[in-house]
Amino acid sequence: MSDFWIVLTGALVASACGILGCFLILRKMAMIGDAISHSVLPGIVIAFLISGSRDSFGMLLGASLIGLVTVFLIQLFHQNGVQSDASIGVVFTAMFSIGVVLVSMFASKVDLDLDCVLYGEIAFVQLDTLTMFGMEVGPKAIWVLGVALLLSVSVIGLFYKQFKLCAFDPALAAAVGIPVALFHYMLMGLVSVTTVASFESVGAILVVGMLIVPAATAYLLTERLSIMILYSVLIGISSAVLGYIAAYHLDASIAGCMVAVAGVIFVVAFLLSPSHGIVWKKLRRQRMMREA
């Protein structure tokens, strides 16, 4: 049964991250997920200091708020002349450093260290169960990730056209009256919630990998956003299943194997994609040279 919960957790993370990752890839903001995953540490510590416990809701709320602050600061610096990559690097390293200082000062004897926040261990996900009405209803991570996925699907589904237009042409979106800034922060809020919801169970390494790699792979395979989202989710789920099988046989990190499998799928798509694959590009070039 533990195998089922591990694979289901990986599939939920892959699905939630795959949907949002498509919009991040199209907006050239792939590394925002990595920035948020590191910079929310101060929020986690502050939430613990206020509440006095590691309650999941408090951690989620505090980290999500700091995630939005991170996005705001990155956007503020970028709009005032700092390059986008430099803005991301400055903000997430500064915020993460503040979090490390807060941990060392106020929570050095509490499990808020790097193993908890960054690396996680999906193999133990079934040990932390949720009890409702006196009955165990499964791992807490499944419920938290399920709510995060449902939130993303609901918001993206309700405002799909607006998110799509903002991703492809923000200037046109603003011209037709769509509040581009609002939808930008809505997307970043969903990224923050999804990232933080996945921390304790799977760690940021798997989250960042699933935010970027499946969506980047799907980008190589189609020109339609709806199909891209579908491919991204399917690739992410496949990576979770195959990664767990590989980890079982290799006796290796489960999260690491899941992301590694996603990377292998990306390389295959990079080589063999009908529209972007370098193998097909080379064959088409050779055929054109022969016809000339």
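Two strands count as paired if DSSP finds at least two bridges between them. All views below show a predicted model.

**View A. A hairpin joins strand 1 and strand 2.** Strand 1 covers residues 129–132, and strand 2 covers residues 135–139. The two strands pair in the antiparallel sense, over 3 bridges. Met-132 stands opposite Met-135 of strand 2. The hairpin has 2 residues between its strands. Phe-133, in the turn, has a positive phi of about 55°.

**View B. Helix 12 and its N-terminal cap.** Helix 12 runs through residues 254–272. Its 19 residues should span 27 Å at 1.5 Å a residue, and the end C-alpha atoms are 27 Å apart, so the expected and modelled spans agree. Ser-253 caps the N-terminal end of the helix. A side-chain oxygen of Ser-253 lies 3.1 Å from the backbone nitrogen of Gly-256. The buried residues of helix 12 are Ile-254, Ala-255, Cys-257, Met-258, Val-261, Ala-262 and Ala-269. An α-helix has 3.6 residues a turn, so residues three or four places apart point the same way.

**View C. The second largest pocket.** The volume of this pocket is about 430 Å³. It is lined by 21 residues. Arg-27, Met-29, Gln-75, His-78 and His-184 are the closest of these to the pocket centre. Four elements each give two or more residues to the lining: helix 4 (56–79), helix 5 (84–106), helix 8 (160–168) and helix 10 (180–221). Helix 4 gives the most, with 7 residues. By type, the lining divides into 14 nonpolar, 5 polar and 2 charged residues.

**View D. Lys-28 in the loop between helix 1 and helix 2.** Helix 1 comprises residues 2–26, and helix 2 comprises residues 32–39. Lys-28 is not a glycine, yet has a positive phi of about 55°. Most residues other than glycine have a negative phi. Lys-28 has a relative accessibility of 74% and therefore counts as exposed, the cut-off being over 50%.

**View E. Asp-251 in the loop between helix 11 and helix 12.** Helix 11 comprises residues 225–250. Asp-251 also departs from the usual sign: its phi is positive, at about 55°, although Asp-251 is not a glycine. Its relative accessibility is 73%, so Asp-251 counts as exposed.

Technical notes: Residues numbered from 1 in each chain as written. Predicted model: local features only at pLDDT ≥ 70, side-chain atom pairs only at ≥ 80, totals over all residues. Heavy atoms only, no water. Expected span 1.5 Å × (residues − 1). Buried < 20%, exposed > 50% of the residue type's maximum accessible area, 1.4 Å probe, protein only. Polar contact = N/O pair within 3.5 Å; in protein donor to acceptor, adjacent residues only side chain to side chain. 1 Å grid on protein atoms, 1.4 Å probe; cavity = no way out; pocket = protein on both sides within 12 Å on 5 of 7 lines; lining within 4 Å. Points joined across faces, edges and corners; volume = space filled by probe spheres on them. Nonpolar A, V, L, I, M, F, W, Y, C, P; charged D, E, K, R; others polar.
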